[in-house]
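Colleague: Before I take these labels on trust, I'd like to hear the reasoning behind them. Can you pull the structure up and walk me through it?

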Amino acid sequence: MLSFFFDCRVQLLIDFLPQGSIIISTQYYSALTKLRKAIKSKRPGLLTQQVILLHDNARPHVSRETQPTLQKFRFEVLEHPPYSPDLSPCDFHIFGPLKRAFQGTRFHSDHEVKKAVQDFLKNQPDLSTAKA
């Protein structure tokens, strides 16, 4: 499972869970902690502003255990309508092209998949330098 965090300028965090794992509150807490460190190193000063997360309403994202972490880190969450059929920006701009890039590709190990996904994501254009 891949967790991918980005903002309008840079990719902040690419995080994989071991095969067969599912996201539970403790793993999501760990991802949020890594995200906070990534923001601090890649976007200094952003943590003094309001960080806004756009994520779905999966249980680990809205659990009682997660809420204090979001408050502690001062992360605001944009509400996502339950069972929304709308595509998120990730579905449209990231995962659609990712699926097309690997369509028909056979991988022989989890390591190969992770490396290919990381390389694909790292080679996406930096939005801060994109021409309008």
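Colleague: Let's start small: where is the place of Thr66?

Modeller: Thr66 sits in helix H3. Bear in mind that this is a predicted model.

Colleague: What makes Thr66 buried?

Modeller: Its relative accessible area is 3%. Buried means under 20%, so Thr66 gets that label. Skipping its neighbours within four places in sequence, Thr66 is in contact with Ser25, Tyr28, Leu32, Pro60 and His61.

Colleague: And why is the link between Thr66 and Ser63 called a polar contact?

Modeller: Their side chains are joined at 2.9 Å, and the cut-off for a pair of N or O atoms is 3.5 Å, so the pair qualifies.

Colleague: On to H1. How do you know that the span of H1 is close to the expected one?

Modeller: Helix H1 covers residues 25-42, which is 18 residues, and reaches 25 Å from its first C-alpha to its last. At 1.5 Å a residue you'd expect 26 Å.

Colleague: Which residues of H1 are buried?

Modeller: Ser25, Tyr28, Ala31, Leu32, Leu35, Ala38 and Ile39.

Colleague: Why say that they line one face of the helix?

Modeller: Look down the axis of H1: the buried residues fall within an arc of 130 degrees, so they line one face. On the other side, Thr26, Lys37, Lys40 and Ser41 are exposed.

Colleague: What do the buried residues of H1 pack against?

Modeller: Among their partners are strand S1 (2-6), strand S2 (11-16) and strand S3 (51-54). Helix H2 (59-62), helix H3 (66-72) and strand S4 (75-78) are on the list too.

Colleague: Now the charges. How many salt bridges does a search of the whole structure find?

Modeller: Three. Side chains of opposite charge can pair when their charged atoms come close.

Colleague: What makes Asp7 and Arg43 a salt bridge?

Modeller: The N to O distance between their side chains is 2.0 Å. The limit is 4 Å, so they count as a salt bridge. The pair links distant parts of the chain, 36 residues apart: Asp7 is in the loop between S1 and S2, Arg43 in the loop between H1 and S3.

Colleague: Are Asp7 and Arg43 buried or exposed?

Modeller: Buried: Asp7 has 16% relative accessibility, and Arg43 has 16%.

Colleague: What does Lys34 form with Asp15?

Modeller: A salt bridge, with the closest N and O atoms 3.0 Å apart. Lys34 is in helix H1 and Asp15 in strand S2, 19 residues apart.

Colleague: Why is Lys34 called partly exposed?

Modeller: Its relative accessible area is 36%. Partly exposed runs between 20% and 50%, so Lys34 lands there. Asp15, at 12%, counts as buried.

Colleague: Where do Asp119 and Lys115 lie?

Modeller: Both are in helix H5 (residues 110-122), four residues apart, about one turn of the helix. Their side chains meet in a salt bridge at 3.0 Å, N to O. Asp119 is partly exposed at 30%, and Lys115 is partly exposed at 42%.

Colleague: Last one, the rings. Why is the pair of Phe102 and Phe107 called edge-to-face?

Modeller: The planes are 75 degrees apart, and over 60 counts as edge-to-face, so the name fits. The rings are 5.6 Å centre to centre. Ring pairs also link Phe102, Phe107 and Phe120 into a cluster, and Phe107 is partly exposed at 29%.

How values were computed
Residues numbered from 1 in each chain as written. Predicted model: local features only at pLDDT ≥ 70, side-chain atom pairs only at ≥ 80, totals over all residues. Heavy atoms only, no water. Phe/Tyr/Trp six-rings, centres within 6.5 Å; stacked < 30°, edge-to-face > 60°. Buried < 20%, exposed > 50% of the residue type's maximum accessible area, 1.4 Å probe, protein only. Helix = DSSP H or I, 4+ residues; strand = E, 2+ residues; numbered from the N terminus. Expected span 1.5 Å × (residues − 1). Arc of directions from axis to C-beta. Contact = heavy atoms within 4.5 Å. Polar contact = N/O pair within 3.5 Å; in protein donor to acceptor, adjacent residues only side chain to side chain.
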